[in-house]
Each structure stands twice: as structure tokens, then as C-alpha cells.
Amino acid sequence: MAIEDWIDEKEGERRGGQGSVIKVRHRFDGRIGALKTLHPDAQGKRERRYRFLQEVSALKALAGDGIPLVFEANEGTWDVKGIDLYLVMEFVAGPTMEELATTKEPTLDEALVALKRVVEVLGRGHQMLIFHRDVKHNNVIFRNGVWSDPVIVDLGMAFSPLEDEASYNTPAGQELGNRFLRLPEFAPNGQHRDARSDLAMAAGLLFYMVSGAAPRVLVDHQGLLPHERGSVQFRATLMSDPRWNSILRFFHVAFQNMLHHRYQTAREMLDALADIKEGPKLEKSDLEDQVAKLKALMDGDYHRERVAAGRFMEESSLLLSEKLRKIWETAGLTDAPVYPQFNENGQVFSLVNRVSRLRHSDPHVWFHHDVALQDGRLVATWWMDDQSKTLVHHCSAADGESLKEALLGAADNIAARVIERLVFKLEPPASLLPFLQ
């Protein structure tokens with residue numbers, strides 16, 4: 001086959017910076033294709049010819065869903081002077097993103113689906129170390145004008161790893177990219193082969209679809225990202241969507257100036273888009289039911305009994321603790337209280353004190369005091385260290401005054417027993433002989 005076998009359909013021409021594309025038909029089998037040739041001055045430039053080789057190689061590697069099929073090309077002669085390079089690929093009938101957006105503004109769902117498909121295609125390339133490097137609204141065609149069927153075209157700036165790559169490289173100091181979104185890493189001597197660059201430009205497509213404006217630069221002279229600039233007018237119908245804050249967060253990550261702050265892989269960006277597509281994740285809550293159950297419980301007889309009894313249990317216990325403290329202080333002792341608290345689902349009020357001489361932590365006596373609510377009765381007990389409990393008083397849960405009187409009446413005896421045990425611990429042994437042997 002040869003370029004002569006393809007007939008110009010005379011339906012217009014798309015011109016780019018280095019080449020042009022026309023619609024053609026094969027004279028024998030009737031296939032409709034898109035014929036791309038380099039401009040005459042570009043045909044004579046080695047760099048442009050090598051890029052043509054990379055473009056065709058990338059198209060062939062990615063051929064399939066979302067990328068035009070290659071029908072015919074002579075990229076193998078890129079390093080042969082005097083032979084004009086050409087490429088015939090599948091003709092994609094439909095408008096570019098720019099053309100479609102001016103006649104049919106996408107809904108947020110349509111824009112998200114379109115971007116998802118673009119990112120999926122870019123991700124396939126990234127797995128093969130193929131980077132488009134020129135993603136923009138004019139390089140995406142929507143087949144038959146359908147937002148859910150984008151096709152990425154014009155891989156003229158693409159990088160595709162080749163066996164003879166060492167034989168030619170893009171000259172140092174050359175800038176890549178486009179005016180749709182200029183990236184800092186595409187500056188001369190920058191990082192020109194990075195998936196994160198394609199992803200930032202892909203996010204620019206979503207920005208264009210929801211605003212009608214190109215992002216241009218990541219950070220403007222005021223330090224603002226594209227979506228933060230007052231000059232950008234997002235459509236009101238989109239801004240009222242409950243997912244809009246998620247869209248802005250998506251832009252905030254995608255448009256970061258530093259590569260390692262952006263989405264790192266196509267998979268990561270697709271996951272972020274999936275979260276947006278699903279909308280806010282509001283889990284069904286039974287909060288109202290649980291609040292109602294709590295109120296019903298608190299209004300019940302059992303809870304009211306516990307609340308009423310709890311006041312008696314706490315008040316009388318604290319009065320006992322204060323009286324014991326004063327007695328022990330008079331005797332030259334000190335107590336280190338453990339914070340008094342309700343235990344066992346509020347059915348026991350507990351006090352714990354460590355009693356010892358002033359400025360001495362040893363020897364000491366652990367004093368414990370409990371008042372428990374048991375079957376409508378208040379039961380007060382105390383004990384020292386690990387000894388058995390001593391019953392102080394038991395009464396009706398409604399008779400808090402008798403509990404108070406009983407505890408305060410027992411204070412002197414309780415204090416005496418604690419001092420007695422401390423004296424026992426302080427007494428010297430009968431003979432020091434065991435310590436001397």
C-alpha cells in the first residue's frame with residue numbers, strides 16, 4: 001500500500017503546529033481514514049521526524065478503545081532523508097471537546113464519565129511508559145458527539161520507548177507542552193516523561209468542561225490554582241450539586257505545582273473520580289432510634305431509682321472521706337485519695353485512700369469504702385488492704401439520711417482500725433537477730 005491509494009475526501013483540513021490531517025478514503029476497499037503528514041519544513045527536521053516515529057509507535061502500542069487504529073504508516077523511514085513521512089489512521093467522526101462544549105454543555109455526570117475514559121486510556125499508556133504530553137481540549141474527539149465516548153488523538157508530542165532511542169533524543173533545553181495548561185516540569189531541562197504531567201492536563205479537561213475556560217497555568221501571579229481564581233465562572237447548576245466540594249478538592253490535588261503532591265497514578269485519579277461520581281458517602285444512621293431508647297430508659301423507674309440513690313451514695317461517702325481525713329491529719333497522718341467514682345454501671349460508689357505518715361509513703365494502709373445499690377437497698381462496706389469487708393450499714397435506697405448518719409457515726413472506729421493497722425506495720429520486730437545473721 002502507498003499514500004497514493006488514499007483519496008482526499010475534500011472535507012476540510014485540521015492543521016497543527018507540525019502537521020495537518022485530512023479525511024481520506026481508500027480507493028480499493030473504501031475505508032475512511034485520517035491522513036496525517038508533516039509540514040514541508042518539519043519533514044526536513046530530524047527531531048520532528050523522530051517524534052513522528054514515536055507518535056506512530058505509541059498509536060500502534062495503544063491501538064484500541066480510546067485511541068485511533070493505525071491503517072498505514074511509513075514511520076520506519078524516519079531517518080531516511082527525502083522520504084516524506086505519513087500516517088493513515090482510523091477517522092473518528094465527531095467534534096473535539098472544544099467544539100462539543102460550545103454547542104452542548106456537559107452535565108457533571110457526563111464530564112466525569114468523559115474524564116474517566118480519558119484517564120483509563122492514559123493509564124494504559126503509562127503502564128507501557130508511553131506519555132502523551134499534549135493532552136488538551138482539541139486533542140480529544142467525542143465519537144458521534146457522545147460525551148461518554150472520547151478518543152485521544154494527536155500523539156505528536158508523545159514519548160514512546162523505542163529500541164533505537166539512544167540514536168536520537170529531543171535536544172536539551174527545549175520546552176514541551178501546550179498553552180492549554182503549561183506545566184513547570186515541561187520547561188527546558190525539566191522532567192518531560194512523567195505520568196503525573198498527563199494526569200494534571202487530564203484534570204484540565206474536567207476544568208474546561210465545567211468552566212468553559214482553559215486552566216492555562218497551575219499557579220498564577222497571585223499564587224492561585226485554576227479553580228481558585230475569581231475570573232473563572234463555573235456554571236451555577238454545577239456549583240449547586242452536592243458533589244461540588246469534592247470536585248474542588250479533586251482540582252486542588254490535580255493542579256499542585258509539585259509533582260509529588262499531585263495524583264501519582266491513573267489508578268489513584270480514577271479512585272478519586274469514583275468517589276466524586278458516587279457523591280457524599282452518607283451512611284444510614286440509627287441515631288434517632290438510639291436517642292429515643294436512651295430517653296425511654298432514663299424516664300424509667302429503674303433509672304430514676306439509680307439517680308436518686310446515687311445522690312445519697314456519693315454525698316454520704318464524701319462526707320465520710322472528709323471526716324476521716326481530718327482525723328488522720330490530727331494523728332500526723334496523710335491520705336492520698338484515688339478519685340472517687342461510680343463503678344459497675346453506676347451501682348457502686350467507691351473511695352480508695354492510701355494512709356501513711358506525713359512525708360512517708362511506706363508503710364501505708366490501703367483503705368477502701370463502697371456503697372452499693374442492691375435490690376433497692378443501700379449497702380455500705382469498708383476494708384483495709386486485702387482483708388475481708390466489714391459491713392457498716394444497709395438500708396432502703398430511699399433512706400439516704402440513715403446512710404449518712406451511719407457512715408459518719410462509724411468514722412471514728414474506722415479511723416482507729418486504720419491507725420491500728422499502720423501501727424502494726426510500724427512496730428519493730430521482736431528481735432533484730434534475723435536481720436543480723
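# A selection tour

Select A34. It is buried, with a relative accessible area of 7% (buried is under 20%, exposed over 50%, partly exposed in between, with a 1.4 Å probe and protein chains only). The model is predicted: local features need pLDDT of at least 70, side-chain atom pairs need 80 or more, and totals for chains, interfaces and linings use all residues. Numbering starts from 1 along each chain as its sequence is written, and side-chain values use heavy atoms, leaving out hydrogens and water.

**A34 and its surroundings**

A34 sits in strand β3 (strands are DSSP runs of E, at least two residues; helices are runs of H or I, at least four; both are numbered from the N terminus). Now add E90. Its C-alpha lies 6.0 Å from that of A34, although the two are 56 residues apart along the chain. Show the other contacts of A34 (heavy atoms within 4.5 Å). Beyond neighbours within four places in sequence, A34 meets V21, I22 and V24, and also L87, V88, M89, E90 and F91.

**S20 in β2**

Move to S20, in strand β2. S20 is buried as well, at 8% relative accessible area. Draw the distance from its side chain to that of E13: a polar contact of 3.0 Å (N or O atoms within 3.5 Å, one able to donate a hydrogen and the other to accept it; sequence-adjacent residues count only through side-chain atoms on both sides). Setting aside neighbours within four places, the residues in contact with S20 are E13, R14, R15, L35, K36, T37 and H39.

**The largest pocket**

Switch on the surface. The largest pocket has a volume of about 1,300 Å³. Its lining has 46 residues; select G16, G17, K136, N139 and D154, the closest to its centre. Colour β1 (6-15), β2 (19-26), β3 (32-38), α2 (46-62) and β5 (86-90). These are the elements that give two or more residues to the lining. A pocket here is an open set of points on a 1 Å grid over the protein atoms alone, with protein on both sides within 12 Å along at least five of seven lines; a cavity is a set where a 1.4 Å probe fits but cannot get out; lining residues have an atom within 4 Å of a point. Points join across faces, edges and corners, and volume is the space filled by probe spheres on them.

**The enclosed cavity**

A search of the whole structure finds one cavity of 30 Å³ or more. The largest cavity holds about 70 Å³. To see its walls, select L62, I67, V121, L122, G125, H126, I130, F131, H132, I152, L155 and D198. Helix α4 (residues 108-127) gives the largest share of this lining, four residues.

Stay on α4. Its end C-alpha atoms are 28 Å apart, in agreement with the 28 Å that its 20 residues should span at 1.5 Å a residue (1.5 Å times one less than the number of residues). Step past the helix to L129, in the loop between α4 and β6 (140-142). Phi of L129 is positive, near 60°, and the residue is not glycine. L129 is partly exposed, at 48% relative accessibility.

Go on to N144, in the loop between β6 and β7 (150-152). N144 is another non-glycine residue with positive phi, near 55°. At 61% relative accessibility, N144 is exposed.

**R196 in α5**

Select R196, in helix α5 (residues 195-211). This arginine is buried, at 16% relative accessible area. Its side chain makes a polar contact of 2.8 Å with the side chain of D194. Farther along the sequence than four places, R196 touches Q191, L259, H260, R262, Y263 and Q264.

**Helix α10 and beyond**

Colour α10 (residues 301-330). From its first C-alpha to its last, this 30-residue helix reaches 44 Å, close to the 44 Å expected at 1.5 Å a residue. Pick out its buried residues: H303, A309, G310, M313, S316, S317, L320, S321, L324 and W328. Their cover includes the helices α9 (287-298) and α11 (400-426). It also includes the strands β10 (333-343), β11 (348-357), β12 (364-374) and β13 (377-384). Just after α10, look at G332, with a positive phi of about 85°.

Last stop: the peptide bond between D362 and P363. It is cis, with omega about 0°. P363 belongs to the loop between β11 and β12.
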